[in-house]
Amino acid sequence: VQLQASGGGLVQPGGSLRLSCAASGNIASINVMGWYRQVPGNQREMVATITNSRADYRDSVKGRFTISRDNAKNTVYLQMNSLKPEDTAIYFCNAIVVVRPTYAVLDKWGHGTQVTVSS
């Protein structure tokens, strides 16, 4: 199973970006998908996670970021609006994946995508 993230870049404060992350491989189901971010020298922190029944956000992004998922495409999105310089980080997608044929549960990470918010 692989996760492929895209959509990062440079944006001015107040701008928007949309991140995407597609999971591929012999997937039976995906329990949780999420986005995390990390600034060099700091710990990785949760930004948003989503199951089939709920979405959760860190306080600092509530009202600005929206996480969504397309189960048919095994893809998770993060719509980021009203971006601030403090949102600058490397963003990583994560998925808890049930794989065929063993139905083992794997914790998978994608390669990070850089988001820079600067004027």
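User: What is valine 47 in contact with, leaving aside its neighbours within four places in sequence?

Analyst: In this predicted model, the contacts of valine 47 are Trp35, Tyr36, Arg37, Asp56, Tyr57, Arg58, Val61, Phe65, Leu78 and Tyr91. Val47 also belongs to the largest nonpolar core, which has 29 residues. Along with Trp35, Phe65, Leu78, Met80 and Tyr91, Val47 touches the most other members.

User: Which elements give two or more residues to this core?

Analyst: Strands S1 (2-6), S3 (17-24), S4 (27-38), S5 (45-50), S7 (65-70), S8 (75-80), S9 (89-99) and S11 (113-117) do. S9 gives the most, with 6 residues.

User: Arginine 37 turned up on that contact list. Why is arginine 37 called buried?

Analyst: Buried means under 20% relative accessible area. Arginine 37 comes out at 6%, so it counts as buried.

User: What makes the pairing of arginine 37 and glutamate 45 a salt bridge?

Analyst: The cut-off is 4 Å from a side-chain nitrogen of Lys or Arg to a carboxyl oxygen of Asp or Glu. Here the N to O figure is 2.7 Å, so the pair qualifies. Glutamate 45 has a relative accessible area of 27%, between the 20% and 50% limits, so this partner is partly exposed. Both residues are also in a network of salt bridges that links Arg37, Glu45, Arg58, Arg64 and Asp87.

User: How do you know that aspartate 56 and arginine 54 pair up, and are they buried or exposed?

Analyst: Their side chains meet at 2.6 Å, N to O, which is within 4 Å, so call it a salt bridge. Arginine 54 is at 52%, and exposed means over 50%, so that label fits. Aspartate 56, at 25%, is partly exposed.

User: What about aspartate 59 and lysine 62?

Analyst: That one is a salt bridge too, at 3.0 Å, N to O. Aspartate 59 is exposed because its relative accessible area of 64% is over 50%. Lysine 62 has 49%, so it stays in the partly exposed class. A search of the whole structure finds 6 salt bridges.

User: What stands out about the backbone at serine 82?

Analyst: Phi of serine 82 is near 50°, a positive value in a residue other than glycine. Serine 82 sits in the loop between S8 and S9, and at 41% relative accessibility it is partly exposed.

User: And what is found in the loop between S9 and S10?

Analyst: Proline 101 is there, and the peptide bond leading to it from arginine 100 is cis, with omega near -5°. Tyrosine 103 lies in this loop as well, with a positive phi near 60°.

Note on methods:
Residues are numbered from 1 along each chain as its sequence is written. This is a predicted model: local features need pLDDT of at least 70, side-chain atom pairs count only at pLDDT 80 or more; totals for chains, interfaces and linings use all residues. Side-chain values use heavy atoms; hydrogens and water are left out. A nonpolar core is a set of buried Ala, Val, Leu, Ile, Met, Phe, Trp, Tyr and Cys residues joined through side-chain atoms within 4.5 Å. Buried means under 20% relative accessible area, exposed over 50%, partly exposed in between (1.4 Å probe, protein chains only). Helices (H or I, at least four residues) and strands (E, at least two) are DSSP runs, numbered from the N terminus. Contact means heavy atoms within 4.5 Å.
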